[in-house]
Amino acid sequence: IVRVCPLPAVAERRGVTTIAPEHPLVKDIFDYLGGAVQCSTGAEMNNLMPIACVMGPFYELTRTWAEWLSQHGVDEALAAEYTSKMMAMYAGDCVKAAPNGLAGFQALVDEQTPGGLNEGNIALLRAAGVFQSAAGALTETLAKLG
């Protein structure tokens, strides 16, 4: 028995599907549908699942930022297009950094201009507890998946 968790983007052959335990044929099928991540155990797969549940918060953040642009005089369609393309660019940077593990992501954070606007936004959100709350949401989600 192989357990899989395909996400909606599989329908467009761009989804990442978790698989446990490892299985070459199942991996080939889901690689064709966008990509597969094989887990050696069901427990490892369960620990990955909360990240699959941040789709909604990601969309809500993207919507919030596009709405903010719209409220500041940017045409709604342009705001949505620009924001979505920026999010795709940032996600692409993360994909490139991922082979270096957490250090790769930390390098993206560290490359922000010292004293600059991006570094300032990190500090503001950190002070507001946003990142700690995001980690807490993952912990709660994992508990619910039980």
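**Close-up views of the predicted model**

**View 1. The loop segment around Glu-12, Arg-13 and Arg-14.** Glu-12 is exposed, with a relative accessible area of 55% (buried means under 20% relative accessible area, exposed over 50% and partly exposed in between, with a 1.4 Å probe and protein chains only). The model is predicted, so local features are reported only at pLDDT of at least 70 and side-chain atom pairs only at pLDDT 80 or more, whereas totals for chains, interfaces and linings use all residues. Residues are numbered from 1 along each chain as its sequence is written, and side-chain values use heavy atoms, with hydrogens and water left out. The side chain of Glu-12 meets that of Arg-14 in a salt bridge, with an N to O distance of 2.7 Å (a salt bridge is a side-chain nitrogen of Lys or Arg within 4 Å of a carboxyl oxygen of Asp or Glu). Arg-14 is likewise exposed, at 55% relative accessible area. Arg-13 lies in the loop between strand 1 and strand 2 (helices, H or I of at least four residues, and strands, E of at least two, are DSSP runs numbered from the N terminus). Although Arg-13 is not a glycine, its phi is positive, at about 55 degrees. Arg-13 counts as partly exposed because its relative accessibility is 48%.

**View 2. Strand 2 and its two partner strands.** Strand 1 and strand 2 run antiparallel and are joined by 3 bridges (two strands pair if DSSP finds at least two bridges between them). Within this pairing, Cys-5 has Thr-18 of strand 2 as its bridge partner. Strand 3 (residues 36–38) runs parallel to strand 2, again with 3 bridges. Here Ile-19 stands opposite Gln-38 of strand 3. Strand 2 is covered on both faces: Thr-17 and Ile-19 are buried on one side, and Thr-18 and Ala-20 are buried on the other.

**View 3. The surroundings of Thr-17 in strand 2.** Thr-17 counts as buried because its relative accessibility is 0%. When residues up to four places away in sequence are not counted, Thr-17 touches Val-4, Cys-5, Pro-6, Val-10, Phe-30, Gly-35, Ala-36 and Val-37 (contact means heavy atoms within 4.5 Å).

**View 4. A nonpolar surface patch of Val-16, Val-37 and Leu-48.** The patch covers about 210 Å². Accessible areas come from the Shrake-Rupley method with a 1.4 Å probe, and for residues only the protein chains shown count as cover. Patches are made of residues with over 30% relative accessible area and no salt bridge, like charges being joined within 9 Å and nonpolar side chains (Val, Leu, Ile, Met, Phe, Trp, Tyr) within 5 Å. Val-16 is placed in the loop between strand 1 (3–5) and strand 2 (17–20). At 44% relative accessibility, Val-16 counts as partly exposed.

**View 5. Salt bridges in helix 3 and helix 4.** The structure holds 5 salt bridges. Glu-67 and Arg-63 form one of them, at 3.2 Å from N to O. These two residues are separated by about one helical turn because they are 4 residues apart in helix 3. Both partners are partly exposed, Glu-67 at 37% relative accessibility and Arg-63 at 38% relative accessible area. In helix 4 (residues 76–97), Glu-81 and Lys-85 are also 4 residues apart, about one turn of the helix. Their side chains meet in a salt bridge of 2.9 Å, N to O. Glu-81 counts as partly exposed, at 40% relative accessibility, while Lys-85 counts as exposed, at 53%. Salt bridges that share partners join Glu-60, Arg-63 and Glu-67 into one network.

**View 6. Two proline sites, Pro-21 and Pro-57.** The peptide bond from Ala-20 to Pro-21 is cis, with omega near -10 degrees. Pro-21 lies in the loop between strand 2 and helix 1 (24–32). Pro-57 belongs to helix 3 (residues 55–71) and counts as partly exposed, at 46% relative accessibility. The C-alpha atoms of Pro-57 and Ala-134 are separated by 9.3 Å, although the two residues are 77 residues apart along the chain.

**View 7. Helix 2 and helix 5, the extremes of confidence.** Mean pLDDT is lowest in helix 2 (residues 42–52), at 94, and highest in helix 5 (residues 101–110), at 98 (pLDDT is the predictor's confidence in each residue, from 0 to 100). The protein averages a pLDDT of 96, and 100% of the residues score at least 70. These helices belong to a protein with 7 helices and 3 strands.
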